[in-house]
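Me: I would like to learn how to read a few features of a structural model, going from single residues to the strands of a sheet. Could you take me through them with the case in front of us?

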Amino acid sequence: NIIAYNKNIYYRSSNYNLYGVDMQGKNTLYDFFVPTSSERGFFHLVMPMGENHFLIQTFNYAPETEEDSPDMEDENNLVLMGSESWEDWDWLLQFKGDVLPALVTGDNKKIILLDENSQVKAFDIETGKQSDKFEIEGAAFGRASIDNDNNIILSLTTRENQRKLCSYTLKGDLNWEYDLPPVESKPFAQPPAIDGDNRVYFIINNFLYVIDKGELSWQYPMPDAEKYQYITILGDNSVLIASADLIYHLASNGDVLFTSIPAPNEQITTPPVVDQNGRIYIGTAAGVYCLK
C-alpha cells in the first residue's frame, strides 16, 4: 500500500495507520487512524481524493465473542474519509461478505465492487450512492481491473469450472470473453494488466497471455515463479515482468528486449518501477536493486 499523489507519498504502516510524506521526506500526514471492527481488521488504501480526503476500503474480521461460538460475519466498509478525525467522512458504506479490492474508474467518478454472490456494483464517489448493478450468474470471481474505456476486465471461473478472461461494461454488457486453460497450479493473484491499446496481460500456468478484444495476440513462457509474478506496462506498450529472480523486458509484439537476474536466488517481491532516466527498480526481502 504505497500511493503517490499530488507530490505526496501515502502508505499504510505496520500499526495499520495511514501516513503521508512529501518528496523531501517531510511528514504531511501522521498517525491517521482508520477505524476497524477489531484489532485484526485491516484496510486497503484505494486512492487519495482531493484535499486530505481518502477513499478507503476496510476488511474488518469480527472476532469470536465466546469460546466455541461460530465466527461472526465479516464486516466491510467503503468510506470517503477526511484526515481530521476518524469520524470525519463524507459518506460510509457498510456491508457483509467477501468482496474483491475496490476499483476506481479512470474518470474518478465511480467505485466498482465485485462480491462473492457474483454481483458487480457501481457507486458514485461523490455521494456513495449505488448507480449500477449486475450479476454474472454462477461466476466465481478472480481478480479485476478497469481498462482505458472504463470497462471491467475480470478473471472468473464459471459454474462448469471453465476459467475465463472477460470484458464487461458498467451496465453489464459483455464485450468479449476468452477461455483460459485449466489451472495447473494456483497462480499469484495479480489483477489483469492493461496496456495503452486496451490489450490485457495475464499470467496463468507459467505463461503470459496477451488478449486483444477477446483474441490471443501472443503468449510467452514464464519460469516457475514459486509465488510472485509482477507485470509493469510502459508507455510504449512494452512490458516488464518480474518472475522469481528474473526480469524480462518484452516488446509490444512479444519480442524479447532483454532478460536480467539482478539478485540471483532472491525472490523479487515488488512490481518493476522505471524512473524518468530509464532505470529499473525492484525489491526483494534483502533490499532494493537498480538496473541501468
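Me: Is C290 buried or exposed, or does C290 lie in between?

Reply: Bear in mind that this is a predicted model. A residue counts as buried under 20% relative accessible area and as exposed over 50%. C290 has a relative accessible area of 41%, so C290 is partly exposed.

Me: And what is the relative accessible area of C166?

Reply: C166 has a relative accessible area of 1% and is therefore buried. As for the chain, buried residues make up 49% of its 292 residues, while the structure holds zero disulfides.

Me: Which secondary structure does the chain have, helices or strands?

Reply: The chain has 27 strands and zero helices.

Me: How should I read the order of strands in a sheet?

Reply: Strands of a sheet pair through backbone hydrogen bonds, in either a parallel or an antiparallel sense. Here, one open sheet has four strands, in the order β13-β14-β15-β16, and the pairing is antiparallel. Because β13 (140–146) and β16 (174–179) stand at the edges with a single partner strand each, one side of each has no neighbour in the sheet. On average, neighbouring strands of this sheet are turned by 20° against each other, with direction ignored.

Me: How many bridges join β14 and β15?

Reply: Strand β14, residues 152–157, pairs with strand β15, residues 163–168, over six bridges in the antiparallel sense; one bridge partner in β15 is R163, which faces T157 as its partner.

Terms used:
Residues numbered from 1 in each chain as written. Predicted model: local features only at pLDDT ≥ 70, side-chain atom pairs only at ≥ 80, totals over all residues. Heavy atoms only, no water. Pairing = 2+ DSSP bridges. Helix = DSSP H or I, 4+ residues; strand = E, 2+ residues; numbered from the N terminus. Axes fitted to C-alpha atoms, helices over the stretch in contact; angles between N-to-C directions. Buried < 20%, exposed > 50% of the residue type's maximum accessible area, 1.4 Å probe, protein only. Disulfide = S-S within 2.5 Å.
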